[in-house]
Each structure stands twice: as C-alpha cells, then as structure tokens.
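Please examine the chain shown below and follow this report on its burial, its helices and its backbone angles.

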Amino acid sequence: MAAYDYEDGPSGYDESSGSHRNSSSASAPQSTAGQDLGYNPSFVPDSVKFFVVHLYRHIREKNVYEIHQMYETSFQTLSERLFKDTPWPSVDAVASYVDNDHVFCLLYREMWFRHLYARLTPTLKQRIDSWDNYISLFQVVLHGVVNMQLPNQWLWDMVDEFVYQFQSFCQYRAKMKNKTEQEISLLRQFDQAWNVYGVLNFLQALVEKSMIIQILEREKEGLEQFTSTDGYDYNGGSNVLKVLGYFSMVGLLRVHCLLGDYHTGLKRLLPIDISQQGVYTIVIGSHITAIYHYGFANLMLRRYTDAIREFNKILLYIYKYKQLFQKSPQYEQILKKNEQMYALLAICLSLCPQVKLVEETVNSQLREKYGEKMIRMQRYDDEAFAIYDELFSYACPKFITPSAPSFEEPLVNYNQDAYRLQLKLFLYEVKQQQLLSGVRTFLKVYSTISLGKLASYMEVDEPTLRTILMTYKHKTHAVDSDGKITSNADVDFYIDDDMIYVVESKPAKKYGDYFLRQIVKLEGVINDMDRVKLE
C-alpha cells in the first residue's frame with residue numbers, strides 16, 4: 001500500500017499529536033483566528049497540496065483505509081508542524097487542486113473550522129460561517145446524492161463538533177457584558193445562527209432520512225447487517241447518511257442533556273442497545289460520549305443502578321485498553337471523561353449503595369480516588385453537602401441557555417444560569433435524601449421491627465416515621481425507559497399492620513454463564529482424556 005510523505009516541516013520538530021480542543025482551549029492566551037500577522041490564507045505549502053490532492057483522490061475512489069490514515073495521522077501531523085498557531089489555508093486557496101469539487105470543499109472547511117476551534121479563538125463571524133458550512137454540508141447529505149464512504153471516526157467527529165460548536169456558541173453569546181457594538185450587531189443580524197431548533201432539527205432529520213431506526217430494527221430480525229459491517233456499505237454504496245444518522249442519536253442525547261431534558265435525551269438513544277457492542281463502540285469518542293451522557297441522565301432521573309452498571313462497564317474498558325489510545329488526538333479528553341465518570345460513580349454509589357454492581361478493578365480505582373470523600377458523603381451533614389456540590393460541579397456537562405439575550409435590557413452575563421439551576425435541583429434531591437441514611441442503617445440491621453420501636457430509635461413520632469418510610473420508597477424507586485417502576489434499593493421492606501418486614505435484594509444468579517463455564521471445563525477434560533494413550 002502506497003505511503004505518502006505529506007510533511008515538510010523542519011527536522012527534529014515535535015511530532016506529538018495536537019491537543020484536543022478542550023485541553024487546548026484551556027491554555028491561555030490564545031491567538032484570535034485570522035489576526036496573526038504571519039498568516040496568509042492564500043499560501044498553500046507543498047505538503048498541503050499533496051495532502052488535499054491525495055485525500056480528494058482517495059475519497060473519489062472510496063478508499064476508506066487511506067482516507068482514515070490521512071484524516072487521523074497526516075492531518076494531525078501537518079497541523080502540529082505547520083499550523084500550530086494559525087488556521088489552515090483557506091478553502092479558496094486549495095479548491096483549484098481538487099477540481100473545485102463542492103462536496104470536498106465543504107468537508108475541507110469542516111476540518112478547517114474544527115482545527116480553528118481546537119487551536120485558536122474563533123471570531124463571531126467565523127462561528128457564524130461554520131454554522132453556514134454545516135448547513136450546506138448537511139443539506140447535501142440530506143437532499144443530494146452522496147456517493148462516498150468516509151471513516152466512522154470522521155463522521156462521528158462531524159456530529160461531535162457540530163454539537164460542541166453549538167454549545168460553545170451558546171456559552172459565548174451568554175457572556176454579554178463585554179460585547180462590542182459590532183458583535184451585538186452581528187448577533188442581531190444572524191439571530192438564526194446556532195439556533196437550538198435548527199440544531200435539533202438537523203440532527204433529527206439525519207436520523208429520519210437515514211432510516212437508521214428501521215435499519216436497526218431490521219437488523220434484530222436478521223434482515224440487515226449494519227453492525228457486523230461497522231456501518232460500511234460493501235456493495236458500492238455510501239455509508240455517510242446512515243452512519244451520520246446513527247451518530248446523530250448520540251448527538252441528540254448530548255444536546256438534550258445540555259438543555260436539562262434528560263428524559264427526551266434517553267428516548268432519542270433508545271434505538272441503540274447500549275448493553276451490546278455496536279457501531280458506537282468502534283469510535284472511542286462516541287463510546288465515551290454516549291455512556292457519559294447516558295449515565296448522567298440516569299443519575300438525574302434517579303435511575304442509579306442503570307447509571308452504575310454503564311459507568312462500571314466503560315470505566316473497566318478504559319482501564320484495560322487505555323494504552324491503545326495514547327497516540328490518539330482524543331487521549332487527553334478520554335482521561336478527563338474517565339475522571340469525571342469516576343466522580344459521577346462516586347455520587348451514584350453514595351446515593352444508592354449498590355457496590356455489588358461494580359467490578360473489583362473499578363471499585364479499587366474508585367476507593368483510591370474518592371474513598372475518603374465517599375465515607376464523608378454518607379454522613380449527610382454540611383461537609384457531605386459540600387462534597388456533593390464539588391463532585392457534581394466537576395463532573396457535570398457544560399449546561400447551556402439556548403435562548404438569545406434581550407438586547408433592549410442591560411447586558412449581563414448569564415452563561416452560568418443553566419449550571420446553577422441544575423446544581424440547585426441536584427442538591428435539593430440530595431437534601432431530600434438526608435433522612436434516608438438513618439432508615440437504611442436500621443433496615444440493614446433488622447429483619448423485622450415494629451414501627452414504634454424504629455420511631456423511638458430514630459427519635460421521631462410514628463406519623464413522621466411513616467412519612468420517612470414513604471419517602472424512602474419513593475426515592476429508591478424510579479420509572480425506567482419502558483415506563484415500569486424499578487427499585488434502586490439494596491434493602492427494601494413492606495409493612496404489615498405495625499410491623500416492618502425487611503427484604504434484602506439479592507443479585508439474580510446467572511445460570512447460563514455457570515453452565516457455559518462448566519461446559520468449557522468438561523470439553524477441556526474430554527480433550528485431555530483423548531490425548532491419553534491407553535496401554
């Protein structure tokens with residue numbers, strides 16, 4: 001397979017992959033894009049010419065392997081060597097090398113803006129231009145004839161970046177205090193740019209037009225092979241619309257979580273069975289984003305056991321295979337999300353002590369990171385309250401207020417309003433559960449106890465105790481995605497007359513796994529016996 005040398009940077013230059021946007025955007029100060037005196041958007045280095053020519057050719061030939069190599073490796077290396085502090089050459093400068101192909105130019109601009117957001121600080125005009133480019137690109141995918149195959153990584157990055165730039169725009173627009181007259185004028189003029197309804201409509205349109213929900217349903221019946229082919233079309237067709245539609249379901253979950261609408265977010269993800277391997281698990285960024293937001297949404301809906309199970313699985317996966325992603329541009333983001341999910345797992349287990357759902361490897365890491373804090377969180381005093389506040393603030397998504405500001409009123413910053421509201425709702429829930437820790441402690445000790453006796457132990461009267469017990473029932477039960485009421489409690493009870501009968505939940509035995517292990521052992525014994533030579 002031919003290898004191309006697209007790099008013409010100085011020898012000995014650091015070739016490590018560029019930082020992910022979240023880490024690079026944290027380092028200050030950053031240049032404002034387009035204001036670097038040394039940047040000439042019309043100048044195209046030879047290595048960039050080779051890059052776009054060969055990328056264009058491979059896209060036309062549907063050579064997914066080469067496209068993936070160039071997209072994942074060459075683009076990152078060139079960015080690090082030549083465009084560490086400046087944008088790539090403008091699309092007008094490279095268009096002549098790719099026959100002025102409209103779709104390729106849209107794809108190039110999508111990468112151009114993504115690099116801009118990762119390395120620099122985009123201007124308001126550039127944010128608006130990026131929105132226009134996404135509209136044009138998605139319109140082609142939705143209404144045109146797209147005859148190409150693109151790597152899953154690139155298609156996921158499109159959806160991921162689309163949601164990220166929407167989130168970034170909402171945060172930017174909400175900081176109104178120091179906006180210039182020119183910025184306010186542009187915000188008024190382009191009031192539809194990154195509109196929340198536009199973002200949701202495009203993602204939903206990709207899901208519907210791709211027919212991905214029907215494809216996944218047909219796959220369950222053995223009539224489709226979407227997952228087994230990793231979403232690619234080996235019959236000469238295109239994977240772009242189908243896979244974009246698939247990843248858009250994860251994108252919709254993320255958007256709804258940013259808006260605080262957790263029920264709708266989980267509903268949008270329902271067609272993907274996250275208990276199974278799927279196309280979303282092939283791309284590590286998609287895998288982590290899906291589980292992080294799925295777990296967080298379930299935490300906010302009090303479905304703690306669902307959140308614990310999925311956090312446990314993804315954290316175990318990252319622990320086992322972390323080394324494989326060390327050279328990935330997403331590596332720093334993987335580590336950050338890993339730490340955030342451990343914090344969320346600590347919250348879940350403090351509110352719902354179901355340690356038996358957690359693998360020992362993950363539990364060991366959790367104890368190392370948050371063991372001391374989790375002990376203090378069980379006390380439900382002011383110090384515990386502060387720890388819940390700290391962990392939630394560290395691990396929650398960057399919530400957004402999607403509505404435009406009122407330009408007639410005094411301009412103020414409101415970028416923290418959505419976060420403060422979600423934090424307030426979460427801490428209110430924690431506060432409501434403070435009384436429950438004492439109830440659970442006694443229920444763990446007794447198998448039966450009278451209402452009067454428990455009331456005296458808890459130093460409350462019987463009517464108050466009944467209220468507490470009803471609260472315990474309410475807080476340890478949740479409505480799942482099918483509308484069924486499920487229990488999160490490791491200790492449950494029922495009341496008959498004035499007696500409380502405690503029922504300690506036990507994990508269901510997995511007989512199938514047991515028998516499979518015994519079958520494997522038996523086959524091993526039979527094979528050993530077959531090898532023995534009889535005298």
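## Trp194 and the start of H9

In this predicted model, Trp194 counts as buried because its relative accessibility is 0%, and the cut-off for burial is under 20%. Trp194 is placed in the loop between helix H8 (181-189) and H9, and although Trp194 is not a glycine, its phi is positive, at about 55 degrees. The neighbouring start of H9 carries a polar contact, in which a side-chain oxygen of Asn195 comes to within 2.8 Å of the backbone nitrogen of Tyr197.

## Helix H9 and its cover

Helix H9 covers residues 196-210, and its 15 residues should span 21 Å at 1.5 Å a residue, which agrees with the 21 Å between its end C-alpha atoms. The buried residues of H9 are Val196, Gly198, Val199, Leu200, Phe202, Leu203, Leu206, Val207 and Ser210. An α-helix has 3.6 residues a turn, so residues three or four places apart point the same way.

The cover over the buried residues of H9 includes helix H6 (124-143) and helix H7 (152-173), together with helix H10 (212-220) and helix H11 (240-259). Just after H9, Met211 adopts a positive phi of about 60 degrees.

## Helix H13

Helix H13 (residues 284-300) has 17 residues, for which a span of 24 Å is expected at 1.5 Å a residue, and the separation of its end C-alpha atoms, 24 Å, agrees with this. Burial in H13 takes in 17 of its 17 residues. Just after H13, a positive phi of about 65 degrees is found at Arg302.

## Nonpolar cores

The largest nonpolar core has 145 residues, and the members that touch the most others are Leu150, Trp154, Tyr246 and Ile347. If neighbours within four places in sequence are left aside, the contacts of Ile347 are with Leu299, Met377, Tyr388, Leu391, Phe392 and Phe426. A second core, separate from the largest, has 17 residues, including Leu443, Ile449, Val491 and Phe493.

In soluble globular proteins, nonpolar side chains tend to be buried together.

## Partly exposed and exposed positions

Tyr319 belongs to helix H14 (residues 304-321), and because its relative accessible area of 41% lies between the limits of 20% and 50%, Tyr319 is classed as partly exposed. Beyond residues up to four places away in sequence, Tyr319 touches Thr361 and Gln365. The C-alpha atom of Tyr319 is also 8.1 Å from that of Val362, although these two residues are 43 residues apart along the chain.

Asp497 lies in the loop between strand S4 (491-496) and strand S5 (499-504). With a relative accessibility of 68%, Asp497 counts as exposed, because the cut-off for that class is over 50%. Asp497 has a positive phi near 55 degrees and is a residue other than glycine.

## The chain as a whole

The chain contains 22 helices and five strands, and 51% of its 535 residues count as buried. Among contacts between residues at least 6 apart in sequence, 75% join residues that are at least 24 apart. The accessible surface of the chain amounts to about 26,800 Å², and carbon and sulfur atoms account for 52% of that area.

Terms used. Residues numbered from 1 in each chain as written. Predicted model: local features only at pLDDT ≥ 70, side-chain atom pairs only at ≥ 80, totals over all residues. Heavy atoms only, no water. Core = buried A, V, L, I, M, F, W, Y, C linked by side-chain atoms within 4.5 Å. Buried < 20%, exposed > 50% of the residue type's maximum accessible area, 1.4 Å probe, protein only. Contact = heavy atoms within 4.5 Å. Helix = DSSP H or I, 4+ residues; strand = E, 2+ residues; numbered from the N terminus. Expected span 1.5 Å × (residues − 1). Polar contact = N/O pair within 3.5 Å; in protein donor to acceptor, adjacent residues only side chain to side chain. Areas by Shrake-Rupley, 256 points an atom, 1.4 Å probe, with all protein chains shown as cover.
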